[in-house]
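Let's take a walk through this protein together. Keep the 3D view open and turn it around as you read.

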There are 2 protein chains.
Amino acid sequence: MQKIANGWVHRISIPGPSLQNNTADAERVISALQPALGDGTVSIDLDLLRILPGLIRNVGGDLNLTLSRQSDHWTVIGIDPVENAAPVGAAIDLGTSRVVLRLLNLVTGDILAESAFDNPQGSIGPDILARIHHSAEPGGLGALQSLIVNGLNGELASLCRGCGFEPDAVLLAAVAGNTAMTHLFMGLDPQWIIREPYIPVVNRPDLVKAADLGLQLNPCTRAFIFPNIGSYFGGDLIAGILYAGLHQQEETAIMVDVGTNAEVVLGNRNWLIACAGAAGPALEGGVTKMGMMAGPGVIDQVQQAPGTRKLHISTIDDLPPVGICGSGVIDLAAALFMSGMLDIRGKLVPDKCKDRLRYQAGLAHFVLVDRKDSGTGRDLTISQADIDSLIRSKAAMYTILETISQSVGTALADLESFYVAGTFGSFINPRAAISIGMLPDLPLAAYHSLGNSSLGGATRYLCQADCLAEIVRIRDSITYLELNVNQDFMNRFSAAKFLPHTNTNLFPSVAWEE
Amino acid sequence: MQKIANGWVHRISIPGPSLQNNTADAERVISALQPALGDGTVSIDLDLLRILPGLIRNVGGDLNLTLSRQSDHWTVIGIDPVENAAPVGAAIDLGTSRVVLRLLNLVTGDILAESAFDNPQGSIGPDILARIHHSAEPGGLGALQSLIVNGLNGELASLCRGCGFEPDAVLLAAVAGNTAMTHLFMGLDPQWIIREPYIPVVNRPDLVKAADLGLQLNPCTRAFIFPNIGSYFGGDLIAGILYAGLHQQEETAIMVDVGTNAEVVLGNRNWLIACAGAAGPALEGGVTKMGMMAGPGVIDQVQQAPGTRKLHISTIDDLPPVGICGSGVIDLAAALFMSGMLDIRGKLVPDKCKDRLRYQAGLAHFVLVDRKDSGTGRDLTISQADIDSLIRSKAAMYTILETISQSVGTALADLESFYVAGTFGSFINPRAAISIGMLPDLPLAAYHSLGNSSLGGATRYLCQADCLAEIVRIRDSITYLELNVNQDFMNRFSAAKFLPHTNTNLFPSVAWEE
């Protein structure tokens, strides 16, 4: 018996029946598999039992057996002649705004296709809170569940057909989402997530039949739903830790995911501690509210010509600028601060900004792009209020990082690896974020962008059956730190509201023009 | 936490959520259950997760949690306030001819109702062979499965409503049937059961969702299907051994089940050996072919007035006689032999039978009931051919008993307990069966009628969650003895074709009139 790649698919040859060995078909399959599964128990899905006799008698050679796993119990969910196309896995990042899918070959782990679509629940409400409130209305939960399930069914079907196979080739799915999205996807009542004491229905949804969720794949398909450790720390984060490998490293490292929420995990192979930004002053939306989502014409980078106050902007697809996204705002704030146009309190300095400053209803606005150069026909400006909001957000972020690291007696400066996850992490310029004191002043080499770590973790599950144990260990070993907004926290927050920080010793590399 | 009765239902109180303990609802339920389940893992059915938050918040007091079990994994399949009616279990004996149902209270084990109906697959074929052949035709298997499943659904529904509850109160079912009936019930292809080398699709069907079988009970209901050890030794027998307790006794005992087949198990707490009569000269139908099934007016007992050749018959419900069933035939043969009307070769003796003997086409017939006394208006007779058939059947039975006991070096005479299972066992008169040499010459106190041991075993499963381990042990420890019809077997068979036996030393208690 040859074990292939990832442990989900095993290639076996099944001994024929004989008068000397009248063991049943199913038990001969199980016996052939057993050596590879150690102490694990095995059963065969009823739908497969119904076609098993024909399969093992009509097929001469070896079979690929695809398994699913619940603790130490394995279920055979696919039996195919090895010459057939390999079984397929679907990794799903169930984002509040955006859902990302990836299909992969369960034998080789090769990625077959990827796509993304806006979470159709957005038609009911853009954020988690609106959707949870809607779920409490009659039929609301069902409607929300249908939206996401139908969305997934449509996208999976077109992705599969684009690859030349039907959706029933997908035998395993791995789904990572925040706690609320996971609940809405599973049809679980999410309303207790947002009410004190903030209790999910389930922490470890584990393995369910995809058909029971409404997914139109194979009748045998199983979906693994990543576990959460509470309402504010979901399966997407557990998947992210798995992907980053935080739980396997000797050195203590930190991972930050800024999506709809800001979540932070600190730890190493021996311990993990986590907290979520929603528990403190919300960073949620704070960075992007003044701007827009990344898209064509959106300013994603702002650079200062050295020694001048001239700003160079880059837009996505090099189109005329229409707005600015999170990474652009951070770049902009850093450039303004470096060149003295923003003072250490985060206030625009009229003497330095000169004619780029305008006032509307008494509020200062910095003109980044003149109407004649913009793609909208209007000035693109950032107001003092927007900057104040950014300052609060960056202060909250730094305070959270400081609080979690101090809680375990680790100095931020001692971290050798700093992982930034999520879309935000993919585009942020760490140098700019350090300059405004949002991220700690580590060597740039310490910063690693993970990209979509939630999807990465889901992919890892599909590439390695063994990693279930890692996921369980991650979930069970995380200490969740409730961020109490006490005097200590507020003192740190106040100190962090300066650029880069009240204590400039924390940011030795940041040299700005007064 | 209070463990109730049988281990399937646990009464727990679930601690409320708090800011100090933000464990999810599901995991608080699981934590409360865990102490009772030792190392076992626990999950909650998705359908229950969907109503869990409301249940544990709206119900003030304790809850009854109903579980199902697969190896050491438990699944919560019912959550009810303790003041509600108790969850219900359904024990099902899936007989080839007759299906018997029993409902019981899963908390107390009390029997709530029982009923039986003819297996509706009888409309396709009276015996296993005809049905298996039909299953190979297009749509045949589906039709056979629908017949039994629809029959069960109808009977379960009326049985439940008669008890004052809906079928969704039934959360656990235990199903015991022979290997072919189990396959047809589960929709598994049975055709390899009757073709060399006689291989079932599955030996251990274990636990399945009742809904996946088409049973209309609760969406969470699980059905445990008793395992088989091969095509000719099914779950009904495993259930029977469980019920008789053969596997727990210090003394070696034997159990015989004569239904459609003759199956024999010999053993004790250390070992079990089994064989099935279909592998030797078939006893199948042999006893009842000449007569009829038990029913009103059927002769079930025949007694000889001591010292005379006068026979006293008893009929069911004391109605005028219309036929004779298996137990009546054995009684009759014993009475004829005791009074010298049948010789040791099993031939009717004209000198002794006198005017009760008639000849049709040269074949002797013994008139048991004159047409004037019968309920049919015709003579009720038994022919020499019928008697020859009985002699072959009884010889086959005794040979099987002798072969299995000699295979382990045990003498039949040394057995302290002899269990007779099935309908046959309920009505047979051991004294008569000994007289004709069908059963060994043990003290009558050694004989125990088990009644419907298959239903009894299914009931035991529902009364004690622990007995899953016993069932697994029984199945795994049975050595199945293939009855080779070799010279040795034929020699024994020939010796057993005499009344009571060629070797009269084996039957010291039998004193007949020459």
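Before we start, one bit of vocabulary: a helix here is a DSSP run of H or I with at least four residues, and helices are numbered from the N terminus. With that in hand, go to S435(B), which lies in helix α12 of chain B, residues 430-435. Keep in mind that you are looking at a predicted model.

Is S435(B) buried or exposed? The cut-off for buried is under 20% relative accessible area. S435(B) has a relative accessibility of 5%, so it counts as buried. What does its side chain reach? The side chain of S435(B) gets to the backbone oxygen of R431(B), at 2.9 Å. If you skip the neighbours within four places in sequence, S435(B) is also in contact with A334(B), F337(B), M338(B), P500(B) and V510(B).

Now zoom out to see how the two chains relate. Turn chain A by 180°, shift it 0.0 Å along the axis, and it can be laid on chain B with an RMSD of 0.1 Å. That's the relation of a two-fold axis. Want to find the axis on your screen? Look for H73(A): of the residues of chain A, this one comes closest to the rotation axis, with its C-alpha at 4.1 Å. And where the chains touch, 100% of the interface residues of chain A are interface residues in chain B too, so the copies meet through the same surface.

Next up, the aromatic rings. A pair of them is described by how far apart the centres are and by the angle of the planes. Over all chains, the count comes to 20 aromatic pairs. One of them is W8(A) with Y461(A), a tilted pair with 5.1 Å from centre to centre and 40° between the planes. This pair links distant parts of the chain: W8(A) is in the loop between β1 (2-3) and β2 (9-12) of chain A, while Y461(A) is in helix α13 (residues 453-463) of chain A, 453 residues apart. W8(A) counts as buried because its relative accessibility is 0%, and Y461(A), also at 0%, counts as buried too.

Hop over to chain B for another pair: F224(B) and Y461(B) are stacked, at 4.2 Å centre to centre with 5° between the planes. F224(B) lies in strand β11 (residues 222-225) of chain B and Y461(B) in helix α13 (residues 453-463) of chain B, so the pair ties together parts that are 237 residues apart in sequence. F224(B) is buried, with a relative accessible area of 2%, and Y461(B) is buried at 0%.

Back in chain A, the rings gather in a group: W8(A), W74(A), F224(A), F226(A) and Y461(A) form one aromatic cluster. Charges can sit over rings as well. The charged end of R57(A) sits over the ring of W192(B), 4.1 Å from its centre. R195(A), in turn, lies over the face of W192(A), 5.2 Å from the ring centre.

Last stop: the nonpolar interior. The largest nonpolar core has 107 residues, and those with the most contacts inside it are F226(A), F233(A), Y461(A), L152(B) and F185(B). Helix α5 (residues 140-163) of chain B gives this core its largest share, eight residues. There's also a second, separate core of 106 residues, which includes M181(A), L106(B), L207(B) and F224(B).

How values were computed: Residues are numbered from 1 along each chain as its sequence is written. Chains are lettered from A and ligands numbered from 1 in the order in which they are written. This is a predicted model: local features need pLDDT of at least 70, side-chain atom pairs count only at pLDDT 80 or more; totals for chains, interfaces and linings use all residues. Side-chain values use heavy atoms; hydrogens and water are left out. Rings of Phe, Tyr and Trp (its six-membered ring) pair if their centres lie within 6.5 Å; planes under 30 degrees apart count as stacked, over 60 as edge-to-face and the rest as tilted. Helices (H or I, at least four residues) and strands (E, at least two) are DSSP runs, numbered from the N terminus. Buried means under 20% relative accessible area, exposed over 50%, partly exposed in between (1.4 Å probe, protein chains only). A charge sits over a ring if NZ of Lys or CZ of Arg is within 6 Å of the ring centre and within 35 degrees of the ring normal. A polar contact is a pair of N or O atoms within 3.5 Å; within protein, one must be able to donate a hydrogen and the other to accept it, and residues adjacent in sequence count only if both atoms are side-chain atoms. Contact means heavy atoms within 4.5 Å. Copies are superposed by least squares on the C-alpha atoms of residues with pLDDT of at least 70 in both. A nonpolar core is a set of buried Ala, Val, Leu, Ile, Met, Phe, Trp, Tyr and Cys residues joined through side-chain atoms within 4.5 Å.
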